[in-house]
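This report describes one protein chain, going from its internal cavities to its overall make-up, its core and a few chosen residues. Please keep the sequence and the structure in view while reading.

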Amino acid sequence: MLTRVLEVDNRTATVHFILLGFPTRPAFQLLLFFVFLAAYLLTLLENALIILAIRSDGQLHKPMYFFLSNLSFLEMWYVTVISPKMLADFLSHDKTISFNGCMTQLYFFVTFVCTEYILLAVMAFDRHVAICNPLRYPVIMTNQLCGTLAGGCWLCGLVTAMIKMVFIARLYYCGTPHINHYFCDISPLLNVSCEDSSQAELVDFFLALMVIAVPLCVVVASYVTILSAILRIPSAQGRQKAFSTCASHLTVVTLFYSTTLFTYARPKLMYAYDSNKAVSVLYTVIVPLLNPVIYCLRNREVKAALKKTILCKGRGSREDVALSN
């Protein structure tokens with residue numbers, strides 16, 4: 001396929017990129033397609049079930065589960081931004097992506113990643129209030145505050161992504177650059193720019209510092225006070241019950257932050273190696289797949305609500321079949 005080009009200031013400007021993805025033999029490409037397709041569909045199903053269970057069970061109409069449903073909704077879109085194009089590339093020799101398509105994918109990916117960082121910090125704050133100020137919890141975590149916090153997470157993600165895109169999309173890219181990744185990410189794009197990208201790098205670093213470091217400080221401070229409050233509980237059973245309410249969230253935070261920090265806290269030249277692709281698979285495929293499982297295994301209320309939802313749906317479908325006969 002001939003690559004279309006534009007003439008800008010007597011220079012050839014890029015309108016396509018080529019995603020190198022996972023260069024392997026065709027048979028292995030097919031195997032990867034089925035593995036990642038199964039992971040993608042399971043992620044969508046798991047998160048959809050959690051949202052449905054929370055909406056249908058009145059006992060889960062609490063701030064903690066309101067934020068959990070936001071996280072599930074976020075991760076459904078988070079994987080959808082990357083997985084369909086990645087799956088299509090496994091089956092095709094043409095791994096090109098248009099300039100506009102690449103920038104659109106990058107914008108929404110950055111939006112969802114930044115939103116998740118802040119949302120996880122908000123969930124840590126919610127657990128802090130619930131354990132450290134249990135009597136005032138209903139007064140502090142009102143529906144209005146929860147809605148404002150959730151909306152603020154999305155707004156911060158959208159604005160942060162927009163600012164980053166203003167600096168990245170205006171960079172000049174020569175010919176048809178080969179991006180050593182399976183999706184359009186910031187560092188691989190900066191690596192293939194044909195002009196000085198130091199300003200874009202500086203803006204990206206500053207915003208990443210704000211979006212990663214500030215929520216991380218909130219999470220650490222929240223869990224330090226939570227741990228201190230739990231240790232003051234006299235009974236072992238009480239300590240176990242208090243810790244169980246935040247164990248799943250702490251596990252999710254550890255998985256997401258550790259994998260993304262490994263990637264985004266390192267210099268952009270490290271993207272010349274394939275190790276970052278493997279780490280990227282962790283936070284774009286594996287972590288979203290595991291998060292619903294972690295919340296279900298560690299949370300009895302969610303587990304019970306899911307069982308009720310699945311059983312009700314199954315019973316309803318059998319009744320519909322019986323009535324039609």
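## Cavities

A cavity is taken here, on a 1 Å grid over the protein atoms alone, as a set of points where a 1.4 Å probe fits but cannot get out, and lining residues are those with an atom within 4 Å of a point. Grid points are joined across faces, edges and corners, and a volume is the space filled by probe spheres set on the points. The model is a predicted one, in which local features need pLDDT of at least 70 and side-chain atom pairs count only at pLDDT 80 or more, while totals for chains, interfaces and linings use all residues. Residues are numbered from 1 along each chain as its sequence is written, and side-chain values use heavy atoms, with hydrogens and water left out.

The model holds four cavities of 30 Å³ or more, and the largest of them has a volume of about 70 Å³. Its lining includes Leu 19, Leu 20, Gly 21 and Phe 22, together with Gln 29, Met 86, Asp 89, Phe 90, Lys 95 and Tyr 182. Helix H2 (residues 63-90) contributes the most to this lining, with three residues; helices are DSSP runs of H or I with at least four residues, strands are runs of E with at least two, and both are numbered from the N terminus. Six of the lining residues are nonpolar, two are polar and two are charged, where Ala, Val, Leu, Ile, Met, Phe, Trp, Tyr, Cys and Pro count as nonpolar, Asp, Glu, Lys and Arg as charged, and the others, Gly among them, as polar.

## Overall make-up and core

The protein chain has ten helices and five strands. Of its 325 residues, 48% count as buried, a class that means under 20% relative accessible area, with exposed meaning over 50% and partly exposed lying in between (1.4 Å probe, protein chains only). Among the contacts (heavy atoms within 4.5 Å) with a separation of 6 or more, 78% join residues 24 or more positions apart.

The largest nonpolar core, a set of buried Ala, Val, Leu, Ile, Met, Phe, Trp, Tyr and Cys residues joined through side-chain atoms within 4.5 Å, has 94 residues, and those with the most contacts inside it are Phe 17, Phe 109, Tyr 173 and Leu 189. Helix H3 (residues 99-132) supplies the largest share of this core, at 21 residues.

## Two residues of helix H3

Thr 111 lies in helix H3 and counts as buried because its relative accessibility is 1%. Leaving aside residues up to four places away in sequence, Thr 111 touches Gly 157, Leu 158 and Ala 161.

Gln 105 is also found in helix H3, and Gln 105 is buried, with a relative accessible area of 6%. Beyond its neighbours within four places in sequence, Gln 105 is in contact with Val 81, Ile 82, Lys 85, Ile 97, Phe 183 and Cys 184. The C-alpha atoms of Gln 105 and Lys 85 are separated by 9.6 Å, with these positions 20 residues apart along the chain.

## Residues of helices H1 and H7

Leu 44 belongs to helix H1 (residues 26-56) and counts as partly exposed, at 22% relative accessibility. Its contacts, neighbours within four places in sequence left aside, are Met 76, Val 79 and Thr 80.

Ile 230, in helix H7 (residues 198-231), is buried at 5% relative accessibility. With the same sequence neighbours left aside, within four places, Ile 230 is in contact with Ile 131, Arg 239, Ala 242 and Phe 243.

Terms used
1 Å grid on protein atoms, 1.4 Å probe; cavity = no way out; pocket = protein on both sides within 12 Å on 5 of 7 lines; lining within 4 Å.
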